[in-house]
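Thank you all for coming; I would like to walk through one structure this morning, beginning with its pocket and then turning to its cores. Please have a look at the model before I go on.

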Amino acid sequence: MEFLPNSMVSFGAAFYRGITGFGYALIMAIGVFGVVSPNLLVPLILVNDLVLTVLILLDRKHGAVDWPVALFLLFFGFFGAVSGGFLAGFLDEGTTRLMIAVDVFGAALVAMIHEPPRWLSGKVIGAITSLVVGLLLATFAVGGPLIAVWLLAGGTRRETTRGTLAIFFGAVDLFSILSRLSLGQIDVQLPLQALAYLPVTIAGYYLGHFIG
């Protein structure tokens with residue numbers, strides 16, 4: 001009974017990401033975090049987000065990447081993702097749900113920033129931000145708006161922002177999945193759930209991409 005409403009949330013979240021290039025995890029977490037086990041929800045969001053990232057990068061028009069910036073962010077994002085996998089093992093389900101709610105609320109506030117100040121584009125801030133985002137994604141699946149704000153502040157060229165975000169999110173999603181998998185922080189239902197949600201998620205993305 002839960003699959004239909006949850007799949008519609010995934011469709012809507014993917015639709016939004018098809019238009020903007022980000023936001024899938026945030027919307028998905030808002031819509032279903034109260035009814036799905038965190039050990040299933042977080043990896044499920046990461047898997048779907050990873051697939052959407054690949055679709056974005058296959059788009060030659062919007063897939064341009066600022067590789068020096070992307071590699072700089074990924075270096076710190078990797079350590080954050082590994083740390084997040086360890087942290088997830090110390091949190092009980094109730095605490096994880098609470099922290100996901102707090103994380104979603106904070107990320108939603110950050111996502112409202114459309115013109116971040118230039119001083120946020122510093123390398124030190126970028127390193128700290130990518131480390132924190134890697135940890136948040138691995139632990140709670142949400143945190144992307146933080147890195148988007150750094151890029152929009154001047155960390156990369158506007159025409160490469162979408163592709164650079166995709167590379168960062170895709171790689172950190174993969175790091176996060178592998179980190180949680182190696183530590184046993186993934187629900188055994190994940191493969192079947194991922195197969196069930198992917199078709200509607202991909203459909204939502206392409207509809208949003210077409211409209212966008």
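Before I describe the pocket, a word on terms: Ala, Val, Leu, Ile, Met, Phe, Trp, Tyr, Cys and Pro count as nonpolar, Asp, Glu, Lys and Arg as charged, and the others, Gly among them, as polar. With that in hand, and keeping in mind that this is a predicted model, we can say that the residues lining the largest pocket divide into 12 nonpolar, 2 polar and no charged. The space in this pocket comes to about 220 Å³, and of its 14 lining residues, those closest to the centre are Y16, F22, A111, I113 and H114. Helices α2, α5 and α7 each supply at least two residues of the lining, and the largest share, 4 residues, comes from α7.

Let me turn to the cores. The largest nonpolar core has 33 residues, and Y24, M28 and I45 are those with the most contacts inside it. Among the helices that each supply at least two residues of this core are α1, α2, α3 and α9, while the largest share, 10 residues, comes from α3. What is I45 in contact with, leaving aside its neighbours within four places in sequence? The answer is Y24, A25, M28, A29 and A141. There is also a second, separate core of 19 residues, which includes A81, L151, I167 and F168.

Finally, V200 is found in helix α9, and, again leaving aside neighbours within four places in sequence, V200 is in contact with S7 and F11. The C-alpha atoms of V200 and L26, which are 174 residues apart along the chain, are separated by 17 Å.

Definitions and conventions:
Residues numbered from 1 in each chain as written. Predicted model: local features only at pLDDT ≥ 70, side-chain atom pairs only at ≥ 80, totals over all residues. Heavy atoms only, no water. Core = buried A, V, L, I, M, F, W, Y, C linked by side-chain atoms within 4.5 Å. Buried < 20%, exposed > 50% of the residue type's maximum accessible area, 1.4 Å probe, protein only. Contact = heavy atoms within 4.5 Å. 1 Å grid on protein atoms, 1.4 Å probe; cavity = no way out; pocket = protein on both sides within 12 Å on 5 of 7 lines; lining within 4 Å. Points joined across faces, edges and corners; volume = space filled by probe spheres on them.
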